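Student: Could you take me through a close look at one part of this model, choosing a charged residue and following its partners step by step?

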Amino acid sequence: MLFTRVLLPVDLSEVSSDQLDCALQLKGYGMEELVILYVMTLEPELPPEDEIALESLGKRARSSGILVKQVVEKGKVSSNILAVAEKERCSLIVMASSGKT
């Protein structure tokens with residue numbers, strides 16, 4: 001299997017939904033688990049609307065039959081992406097080229 005665990009960093013913009021669609025196509029290449037990461041850069045707590053958006057992405061991913069882990073971190077986006085990818089032992093990071101961040 002090429003990609004068993006995939007990291008999907010999202011900014012919860014509309015692009016995140018398209019990004020999820022792209023990541024879900026990797027199921028055909030052996031993806032078993034998707035780690036959805038949201039990094040808060042300014043907020044002291046996750047706003048309710050962001051929590052709903054994040055849960056919606058997770059629900060969509062779960063409905064495709066893969067395992068989903070949702071992670072929320074605080075701080076610098078790039079550092080957190082790399083740290084979570086290593087911690088979760090992700091074999092691939094799927095990122096969009098535009099969005100909020």
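Tutor: What follows is a walk from one charged residue to its partners, and then a short look at the cysteines and a surface patch.

Please keep in mind that this is a predicted model. A good place to begin is Glu 33, which sits in strand β2, a strand that covers residues 33–40. Glu 33 counts as buried because its relative accessibility is 14%, and the cut-off for that word is under 20%. If we set aside its neighbours within four places in sequence, Glu 33 is in contact with Thr 4, Arg 5, Val 6, Leu 67 and Lys 69.

One of these contacts, Arg 5, deserves a second look. Side chains of opposite charge can pair when their charged atoms come close. Glu 33 and Arg 5 form a salt bridge, in which the closest N and O atoms are 3.0 Å apart. This pair links distant parts of the chain, since Arg 5 belongs to strand β1 (residues 5–10) and Glu 33 to strand β2, 28 residues apart. Arg 5 is partly exposed, with a relative accessible area of 25%, whereas Glu 33 is buried.

Another of the contacts of Glu 33 is Lys 69, and Lys 69 has a salt bridge with Glu 88, at 2.8 Å from N to O. Glu 88 lies in the loop between α3 (77–87) and β4, while Lys 69 lies in strand β3 (residues 67–74), so this salt bridge ties together parts that are 19 residues apart in sequence. Glu 88 is buried, with a relative accessible area of 9%, and Lys 69 is partly exposed at 34%.

The whole structure holds four salt bridges, and among them is the pair of Glu 55 and Arg 62, whose side chains meet at 3.4 Å, N to O. Here Glu 55 is partly exposed at 40%, and Arg 62 is partly exposed at 37%.

For the cysteines, the count of disulfides comes to zero. The sulfur of Cys 90 has its closest cysteine sulfur in Cys 22, and because the two are 15 Å apart, they are too far for a bond; the cut-off is within 2.5 Å. Cys 22 is partly exposed, with a relative accessible area of 46%, but Cys 90 counts as buried at 17%.

Finally, Ile 93 in strand β4 (residues 92–93) is partly exposed, with a relative accessible area of 32%. Together with Leu 82 and Met 95, Ile 93 forms a nonpolar patch on the surface, with about 300 Å² of accessible area together.

How values were computed:
Residues are numbered from 1 along each chain as its sequence is written. This is a predicted model: local features need pLDDT of at least 70, side-chain atom pairs count only at pLDDT 80 or more; totals for chains, interfaces and linings use all residues. Side-chain values use heavy atoms; hydrogens and water are left out. Helices (H or I, at least four residues) and strands (E, at least two) are DSSP runs, numbered from the N terminus. Buried means under 20% relative accessible area, exposed over 50%, partly exposed in between (1.4 Å probe, protein chains only). Contact means heavy atoms within 4.5 Å. Patches are made of residues with over 30% relative accessible area and no salt bridge: like charges are joined within 9 Å, nonpolar side chains (Val, Leu, Ile, Met, Phe, Trp, Tyr) within 5 Å. Accessible areas come from the Shrake-Rupley method with a 1.4 Å probe; for residues, only the protein chains shown count as cover.
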